[in-house]
Every structure is written in C-alpha cells, then in structure tokens.
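Subject: Structure handover

Hello,

Here is the structure I promised to pass on. Please open it beside this email and follow along.

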Amino acid sequence: MAREIVTGSIPVRTIVMYCFDPRAAGAAQAVADHFGDEVYPGELLLDGTGRKIGSTATVFPLIVGGGRAADALRSITVSQHLFGVERVVVVHHSFCGATSFTAEGITSAWKNEQHYDISSLYDWDGIAIADFEKSLHYDVSLIRNSPGTPKHVEIYGLFYDIDSGELTEMVRDVPAEVAQ
C-alpha cells in the first residue's frame, strides 16, 4: 500500500549515487541524459492549496563521500521498498578527493588526531579510490551482493568528467532476464 501511494506521487525508478563534491553536482542530470528515459530534476506537483504533493522526477540522487556504495546500501533498500527501483547507478568523478588518500592513511590520521582506532569500522576497499575502474567494479559488486538489493535491478558504474560533463560507462550488471 505504501509503495502505491508514494509511486503515484513520486515516480522514482533510478537511484544515482555520486560524490558530495560540488564539482560533481551535474552527475544526476548527466545520468538522466545518458539513459534518455529519465527525468531530473523534474517539477514539483502542487495541490490546489499550493502544498507539494509530488514530483515528476524519476531520478533519486544519493550524495555521499566519494560516491561510494557502502554509504548508500540502506538507502537502496528503502528506495526499493518505497518506489520499486529499477536501476542503480554509481558515479565516480575526475579529480575526486577520495583519490588523495588511502584507507591506511585515513585510519592512521584518525587515530593520531582523534585518538580512536577506526581500522575495523569500514571495509577498506570502500574508503578511498586508487583506480576508478576497480572502485566502480567493487561498488557495483557490493550493491549486487547486498541482500537489500533486488535481483532484478540493473546496476551501472559510470565515470563522470567534471570538466566536460561526459559520462563513460565502465561497469554494467544487468540481470539476464532484463537484458533480453
């Protein structure tokens, strides 16, 4: 019942996760354009009294540090429950700050500066980005193997060039029944 109420007013079908770096702010629109069947940012729908009762957007942006999937897994599950999501897109971008450190470096710095050991808090492969293609493969795999991700969902890993606005598809994980 909840899904019918929500999807009737907010037709989200694609989740796009990307970095909170303001230079990457065009990623959601670039993804909408890339797939061609998406609406972003869409328009707000108002009732007769001016209350915001819906939206025409089909893209739901998830903005997290480095655009890393580990930070978005819960939101994917909730979005699926509410909207019946069809596609999840992970976007990493050029000149990302997550390429400027290592997992070892950040955990060591945290221990020195905050006096707390966070080395077991996160999966080390999901913290920094040493190689964009490898990190996109890792994140797509993390999403695909999460029990909170439906098996029918298409998952993509895209690289966003912040200067040109161009997207490059680097990973595609589309279930066989969807690909046909």
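Below is what I found, from the whole chain down to single residues.

**Overall**

First, a caution: this is a predicted model. The protein has 6 helices and 7 strands. Along the sequence they follow the pattern α-β-α-β-β-β-α-β-α-α-β-β-α. The radius of gyration is 17 Å, close to the 16 Å that the globule rule gives for 180 residues, so the protein is as compact as a globular protein of that length. Its C-alpha atoms fill a box of roughly 55 × 40 × 35 Å along the principal axes. Of the 180 residues, 42% are buried. Now take the contacts with a sequence separation of 6 or more: 67% of them come from residues 24 or more positions apart.

**The sheet**

Look next at the open sheet of 5 strands. Its order is β4-β1-β5-β6-β7, and the pairing is mixed. Why do β4 and β7 each have one side without a neighbour in the sheet? They stand at the edges, and each has a single partner strand, so one side of each is left free of a sheet neighbour. Ignoring direction, neighbouring strands are turned by 20° against each other on average.

Two helices to check against this sheet are α2 and α3. Helix α2 covers residues 27-35 and packs on the sheet. It touches β1, β4, β5, β6 and β7, and its direction makes about 120° with that of β6. Helix α3 also packs on the sheet, touching β1, β4 and β5. The direction of α3 makes about 165° with that of β1.

**Strand β1**

Strand β1 spans residues 14-18, and 5 of its 5 residues are buried. T14, V16 and Y18 point one way, while I15 and M17 point the other way. Both groups are buried.

Which strands pair with β1? One is β4 (residues 59-63), which runs parallel to β1 and is joined to it by 5 bridges. Here I15 stands opposite F60, and V16 has P61 as its bridge partner. The other pairing is with β5 (residues 87-93), also in the parallel sense, over 4 bridges. In that pairing, T14 stands opposite R87.

**Helix α2 and V31**

The buried residues of α2 are A27, A28, A30, V31, A32 and F35. Their cover includes β1, β4, β5, β6 and β7. After α2 comes G36, with a positive phi near 80°.

V31 deserves a click. It sits in α2 and is buried, with a relative accessible area of 0%. Leaving out residues up to four places away in sequence, V31 touches V16, V89, V91, L158 and L167. V16 is one of the β1 residues listed above. For a distance check, try V31 and G126: they are 95 residues apart in sequence and 22 Å apart in space, C-alpha to C-alpha.

**Helix α3 and S79**

S79 lies in helix α3. Is S79 buried or exposed? It is buried, at a relative accessible area of 3%. A polar atom of the S79 side chain lies 2.8 Å from the backbone oxygen of S75. Not counting residues up to four places away in sequence, S79 touches I15, F60, G84 and V85. Two of these will look familiar: I15 and F60 stand opposite each other in the β1 and β4 pairing.

**Helix α5**

Helix α5 runs over residues 132-144, which makes 13 residues. From first C-alpha to last it reaches 18 Å, close to the 18 Å expected at 1.5 Å a residue. D131 caps its N-terminal end. A side-chain oxygen of D131 lies 3.1 Å from the backbone nitrogen of E133.

The buried residues of α5 are S135, L136, D139, V140, I143 and R144. An α-helix has 3.6 residues a turn, so residues three or four places apart point the same way. Keep that in mind as you turn the view. The cover over the buried residues of α5 includes β1, α3 (73-83), β5, β6 (154-160) and β7 (167-173).

**Where to start**

I would begin with β1, which pairs with β4 and with β5. Then go to V31 in α2 and S79 in α3.

Best wishes

Notes
Residues are numbered from 1 along each chain as its sequence is written. This is a predicted model: local features need pLDDT of at least 70, side-chain atom pairs count only at pLDDT 80 or more; totals for chains, interfaces and linings use all residues. Side-chain values use heavy atoms; hydrogens and water are left out. Buried means under 20% relative accessible area, exposed over 50%, partly exposed in between (1.4 Å probe, protein chains only). Two strands pair if DSSP finds at least two bridges between them. The expected span of a helix is 1.5 Å times one less than its number of residues. Contact means heavy atoms within 4.5 Å. A polar contact is a pair of N or O atoms within 3.5 Å; within protein, one must be able to donate a hydrogen and the other to accept it, and residues adjacent in sequence count only if both atoms are side-chain atoms. Axes are lines fitted to C-alpha atoms, for helices over the stretch in contact, and angles run from 0 to 180 degrees between N-to-C directions. The radius of gyration is taken over C-alpha atoms; the globule rule is 2.2 Å times the number of residues to the power 0.38.
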